[in-house]
Structures are given as structure tokens and as C-alpha cells.
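Morning, everyone. I have one structure to walk through today. Please bring it up on your screens.

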Amino acid sequence: MMEADLHDDRSSQALDFKEGSLQIQADAAGDVTDVRFAGGVTNRPTSVATAITMESTGNCANMKPNKQVTDIEAKTYFSYRPGVFENAVELCKQEVLKPDLDGQVRGAWLLTEIDHWDIDHERVVLITDNSLLVIKYDFVTLKLNTKYKRIMLHLLDTVQIGDITYPEKSVMPSRCHGGVRALWNKGYEPSFGQRWNPWCTDIPWITFTHHPLLYNAKEQETITFNVNDFFESLVQAINTCFKRKSPGQLVRVHQGNIIIYSYASVTSLVFNQSHLGFARDRNGISY
């Protein structure tokens, strides 16, 4: 039986945001939302035609410098096999999508989710009319995991884009890349117990970065693995959803560092350096 984590906006302590931000406001009259960024302005064309008026913001989740995934390495990812991702998306639509709740699928990506314990996971991500679906799909057995996340778009209050960083006292090595975080915490942090429980499922945000396959020279223009394309599509979807579901409400689109609260995690270092969160052929052993 499939189980969904349906996330709402429960929270506890105040969270302080700094640096530039923009706001999305949906008005009750249903006019096109006007989005303006408060911060430095640079010229970066958007790859998705949006329904909002957005000034160029320089918003971009950077890729890790000097990282390359060779063709041989790329072929070790089961998700890279022809037709596998497309079939996964179709199965997700059949088993996870609820048209009366989610609406229609507007886009599909294969991204890296970074959980609150700084561990990377390969995820199929769907944006629908009303929700964000984050699905664990087993690319080895070609089956869905029994749990997935459904985050309703009209509950989101902040979307962040920027560099993935650690707190000042952390001894974790720098990730040297960017990402995107969607929050529904209404400006509050989870409790100490939530943050330090590795099995906690109600952390009020979710963090993504590029899939490793984007670092293959042949795939650097492929939007499927690109978290920047996901970000632009998410902002567009939120704008459209808010005009229908939450007229008059505000969503902040915030440019700045995305903090992973990890200080000295040997577990995440070993897990991520070994790419254990991705389905790969490891010298004849597949997991």
C-alpha cells in the first residue's frame, strides 16, 4: 500500500532570512502576478515561459566546478538507460497521482534530494497543478517505494535558491554547488528533536540539487537533471496555484545561502562519497 507524507505548515521557532528576496502575490481578481526582486540584478534568461512578470535576478544553483561524469560512469546509473526515466514517470502517474487532488502533471525531473541529515537521495520529482510530488523509485527493480511526499503548492511560503552551505562551526567539507529549497514553515524552524531525528518525516522544507548525470558533457543542456529548470517551473506553478487557492497570500522567492545543519557527520560523508543514494551498477553488484 502506498503511503504519502502530506505536508502542512506546522512549525515552532522563528527563522531569520537575509540577503535578497522577491515576493509572489496572488490577487483575488486573478490578474497576472507581478514579481519583483529585491537585491542585485544581473541578466540571466529564463528557460521556461512563465505566467509571471519577473525581473532578471541572477538566480542560479551553481554546478560543482571541475566535476565531470564520464560516459562510462554515466552508464552505471540505472536511471540513464534508454526509456527508464520516462517509464518511471508514467508509473508514478498511475500509482501516485490523484487527479482530483493534484491536477495534471506539468513537469518531471530526476534530481538529488538532500535530506535534513545531509544525505543525498535520487528522486523522481513531479510538479502538478496543485502539488509537488517527490518519489523514491527503484531503478534497479523498476518499482515504486511504498512512501512518497506530497507537498501542496498553496501551503508553500518560501522558495530559496543559492549555494548549499553549512553552519560556521561545521567541519563538513564545502559542497561547492547550489540548490533549491521549498519551505512551508511560515518562518519557523523545526524543534531540536525533529532536526536531530534522522527518521523525522515532518521537516517543513525540502532541498534539491542537480542530479550527478548533469555533469556528463552530453547532458549539461538536459533539463531533466537540472535543478535550475525545476526552480523556474516551480515558481511558475506556485504563482498559478496561488491565484486559484490562496488569493492575496504571499510567497517569498529568496536568493541566498541554503544551510544544511550538519556539523561533523561521518555517515553522510561516507554515504554521499559512495553515491549510495543512487541506483548504480557497482562492478556487477546493483543497488
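I'll take one aspartate first, then the nonpolar cores. A word of caution: this is a predicted model.

Start with Asp118. Where does it sit? Asp118 is in a loop, the one that links strand S6 (105–114) to strand S7 (120–128). Is it buried or exposed? Asp118 counts as buried, because its relative accessibility is 1% and the cut-off for buried is under 20%.

What does its side chain pair with? Two partners here. The side chain of Arg175 makes a polar contact with that of Asp118 at 2.9 Å. The side chain of Ser268 makes another, at 3.5 Å. Both partners also appear among the residues in contact with Asp118 beyond four places in sequence. The others there are Tyr166, Met172, Ile260, Ser262 and Asn272.

Now the cores. The largest nonpolar core has 28 residues. Which of them touch the most other members? Leu132, Leu153, Ile206, Phe208, Phe230, Leu234 and Ile238 do. Several elements each supply at least two residues of this core, including S6 and S7, strand S8 (131–138), strand S13 (205–209) and helix H5 (227–245). H5 gives the most, with 9 residues.

Take Leu132 from that group. Leaving out residues up to four places away in sequence, Leu132 touches Leu153, Ile206, Phe208 and Phe230, among others. Its list also includes Lys149 and Arg150.

Last point. There is a second core, separate, of 26 residues. Phe78, Val84, Val96 and Tyr215 are among its members.

Terms used:
Residues numbered from 1 in each chain as written. Predicted model: local features only at pLDDT ≥ 70, side-chain atom pairs only at ≥ 80, totals over all residues. Heavy atoms only, no water. Helix = DSSP H or I, 4+ residues; strand = E, 2+ residues; numbered from the N terminus. Buried < 20%, exposed > 50% of the residue type's maximum accessible area, 1.4 Å probe, protein only. Polar contact = N/O pair within 3.5 Å; in protein donor to acceptor, adjacent residues only side chain to side chain. Contact = heavy atoms within 4.5 Å. Core = buried A, V, L, I, M, F, W, Y, C linked by side-chain atoms within 4.5 Å.
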